[in-house]
Amino acid sequence: MPGAAATKFGHGFAKVFGIKLQYRDQDKKDPVNRGESVFSVASADTYVESEPTTMDFIHEVVPSKQTMINYGKGLFPFVHWAPFYNLQWFYGDLVAGVTIGAVVVPQSMAYAKLALLPVEFGLYSGFMGVLIYWIFATSKDITIGPVAVMSTITGNVVAYAKIHTPQYQGYQVAQALAVICGAIVCFFGLIRIGWVVEFISLTSILAFITGSAINILCGQVPTLMGISSHMNTRASTYLVIINTFKNLHYTTLDAALGLTALVMLYLIRFVCNTCAKRFPNKAKMFFFLATLRTAFVICLYTLISYLVNRHVAANHNANSYKKAHTAILGPVPRGFQHAGVPIVNKTIIKGFASQIPVSVIVLLIEHIAISKSFGRINNYTIDPSQELLAIGVTNLLGPFLGAYPATGSFSRTAIKAKAGVRTPFAGVITAIIVLIAIYALPAAFYWISNASLSAVIIHAVGDLIADPNTVYQFWRVSPLEVIIFFIGVIVTVFSSIEDGIYTTLVVSVVVLLVRVAKARGRFLGKVKIHSVVGDHLIEDESTGKGGYELRTKSKESNTTHERDIFLPIDHHDGTNPDIDISAPYPGVYVYRFSEGFNYPNANHYLDQLTATIFSQTRKTNPNAYARLGDRPWNNPGPTRNGVIEVDYSKPTLKALILDFSSVNNVDITSVQQLIDVRNQLDRYTAPDRVEWHFACINNRWTKRALVAAGFGLPTPSEDIGDYHRWKPLYSVAELGGSDSAAAAEEAQFNKRSRSAVPDIEAADRFHDEDGGSSSSSNVNGQENDLQRERTRAARKVMVVGGLNRPFFHLDVTSAFNSAVASIKGREDAALAPEVVDSKKEDFVVS
């Protein structure tokens, strides 16, 4: 009763406001015979497709109780693998964790310099990143911590804040930036919209990483040469390059340490990689030696720096390290001296508000791109939304111990994967190594050379620059996107990293929209093809076009299969242009959408459709306008005397088939465009009507939209006011499954077969004794009867699509056959209407 009351209320509401509930619902106006056979309407095996309702949509959108439970469990992925943790996994995690610990300590200190922060803040970020991430991780390989690009952006924020908000320390600004960005990314992860990252193309990511790497590399060269105090290393890349050459005469002793450290880093890697190829059985050992090269070089050059600057004592005043012969780090506090609640207020946020979007983008694209890449390499799938949650929580909690923004590191992730990591728990082991460094090594950090840290940064980011082979391979895939790549790199070099990111994103989105808006459909023609075995495809030398002759070895071994397919008539899909593809049937056009069918491209699609149809067909009634004044202004005719030349070699338009295989959803604009084109074509073919057939509709809501617009059924004729007699064509399929009627008949057949076995054996014994053959014949007849019953049961069929939507077809072939059958039915009706109307229509299946 509540449902009936609601329906009654809804109908009354619609009547008051003039809403036509049955508007265009032709099947409800004429529910019985619209051309179907008696079998199709009365059979118990018919299927009438129901439309999706608002409640269906709500049930799809609103999460169920089980979905919410799974959501809660999904927030902490470690609960799925932690109960199975074992010693073998621990050994792999131990090796990988210690290895990454030896890499993350020097890199974190170096990247802190990029962020214009004391080196201890890099250690804090490195510690919190690996400590927290494993709880929320869906990737075993990712290592979260300070990275070059994010550190550079943080440094820009700190430099800007130093001028506009001098009352706050640089690390306070960096911590506030981490909290705000972490909160935004964490929110994205909680509401599970990690799919937004998919809007950032690989081209944009590659351009951003390459341009940023060039920017960072060029900015570190002055520090490497000891001339950073004579120039602004955070200017545009091209200015940094120019100023570096201008100030080379100020080069100091730092260049000796920096350049030799850089050469040694590359030399160790080259030697280890060469030895690994030459001695494959010791490849693992050489890999770990190459991995530890950063720690080795930092230790070696720290010792050299100490020997060069040992007259500078650590227990002197705080600025005594500035008197050293080479630039060194100086005092590094032991432990978490800057732990506390981060300062986040309106004033401090206002200082970096403009940098929040680019900071969030960098946090997202670096981490997700790296995690997806290594997930595919190592055969597991990451959850982008959960990864966003992991980044967000890390950056939310990290500032309480002094950390600044951190995200996934490509270089450390690659090392971790090669080191044999087994689970995300390896991050805890890395955190222990970093913790030891924070408390045990600050005295040694005092003597680290700034030039050697710059060498570490240059060595790390140098591998991020896209190599020529990668760019060439991208060019082979999509030349246009390579142009976007170079645009992003050039903008980054001549402007800033932020502008480079925004430029590539905007250009990529514009290209995507243009491709969608200017998508071109394809008119299809029918071709009969043969599937043959390779050795039966024999070249026919008599053909001038390199054709082939179909031959088979014998009739019994004929492996040739013929079928009709539909291909683009213009051959723009790369099919052999020597094959003649023409319109499938006079007056019937098959049109395939290529990029979806929505409001940006609907008009472009349908303009192309109507223009082609008008150029290849003739008007059904060329004398529709009796007087000159009745003609439309845009088509007044060739002359004023009323004589219209008609090209009778062109067919009249009879049916249109739309292939919706690439269409998932439609909208009001696109459907209204279809209605307008249908009305336009009906005027063009008056007094006839164009039949609209749709193939490969993938979405129930798309069907509902088309039905609401009056599609899916034959259009009634205005002069008769009823449907013409038409021959429907439906696709049917055999029933199957354990609960089907065919399965029940199969069970009965097996039962009868088992009961017949004793009779068969008795008949065989009787036949052997008496030499008669009548019993054997009876047995064979019984077996044949059972086999026929089995065949009939197995061949039970049902319609696949709804009988109430006869113009919605499973594929183009069935749509074409239906259109042709309907055209021929109309032609027969026109020739002998009284005969056709007295006949009962057949039920045609495909």
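A crossing of two helices is left-handed if the near helix is turned anticlockwise from the far one by less than a right angle, and right-handed if clockwise. The legends below refer to a predicted model.

**Figure 1. Helix α10 crosses helix α18 in the left-handed sense.** Helix α10 covers residues 170–190 and helix α18 covers residues 384–397. Their axes lie 7 Å apart, and the packing angle is about 155°. An angle over 145 degrees counts as roughly antiparallel, and α10 and α18 are therefore roughly antiparallel to each other. On the α10 side, the contact consists of Ala178, Val179, Gly182, Ala183, Val185, Cys186, Phe188, Gly189 and Leu190. These meet Ser385, Leu388, Leu389, Ile391, Gly392, Val393, Asn395 and Leu396 of α18. Sorted by class, the contact of α10 with α18 holds 12 nonpolar residues, five polar residues and no charged ones.

**Figure 2. Helix α11 packs against helix α22.** Residues 202–225 form α11, and residues 450–462 form α22. The two axes are 9 Å apart and make an angle of about 160°. The pair α11 and α22 is therefore roughly antiparallel. The crossing of α11 with α22 is left-handed. From α11, the residues in contact are Ala213, Ile216, Leu217, Gln220, Val221, Thr223 and Leu224. From α22, they are Asn450, Ala451, Ser454, Ala455, Ile457, Ile458, Val461 and Gly462. The contact of α11 with α22 has 10 nonpolar and five polar residues, and no charged residue takes part.

**Figure 3. Ser320 sits in a loop between two helices.** The loop runs between α15 (293–308) and α16 (346–352). Is Ser320 buried or exposed? A residue is buried when its relative accessible area is under 20%; the value for Ser320 is 5%, so Ser320 counts as buried. Gly330 is 10 residues away from Ser320 in sequence. In space, the C-alpha atoms of Ser320 and Gly330 are 8.3 Å apart.

**Figure 4. The whole protein, with 32 helices and 14 strands, gives the setting for the close-up views.** The protein has 846 residues, and 43% of them are buried. The exposed area of the protein is about 43,400 Å², of which carbon and sulfur atoms supply 60%. Among contacts in the protein with a separation of 6 or more, 82% are between residues 24 or more positions apart.

Note on methods. Residues numbered from 1 in each chain as written. Predicted model: local features only at pLDDT ≥ 70, side-chain atom pairs only at ≥ 80, totals over all residues. Heavy atoms only, no water. Axes fitted to C-alpha atoms, helices over the stretch in contact; angles between N-to-C directions. Helix = DSSP H or I, 4+ residues; strand = E, 2+ residues; numbered from the N terminus. Parallel < 35°, antiparallel > 145°, perpendicular 65-115°, else oblique. Contact = heavy atoms within 4.5 Å. Nonpolar A, V, L, I, M, F, W, Y, C, P; charged D, E, K, R; others polar. Buried < 20%, exposed > 50% of the residue type's maximum accessible area, 1.4 Å probe, protein only. Areas by Shrake-Rupley, 256 points an atom, 1.4 Å probe, with all protein chains shown as cover.
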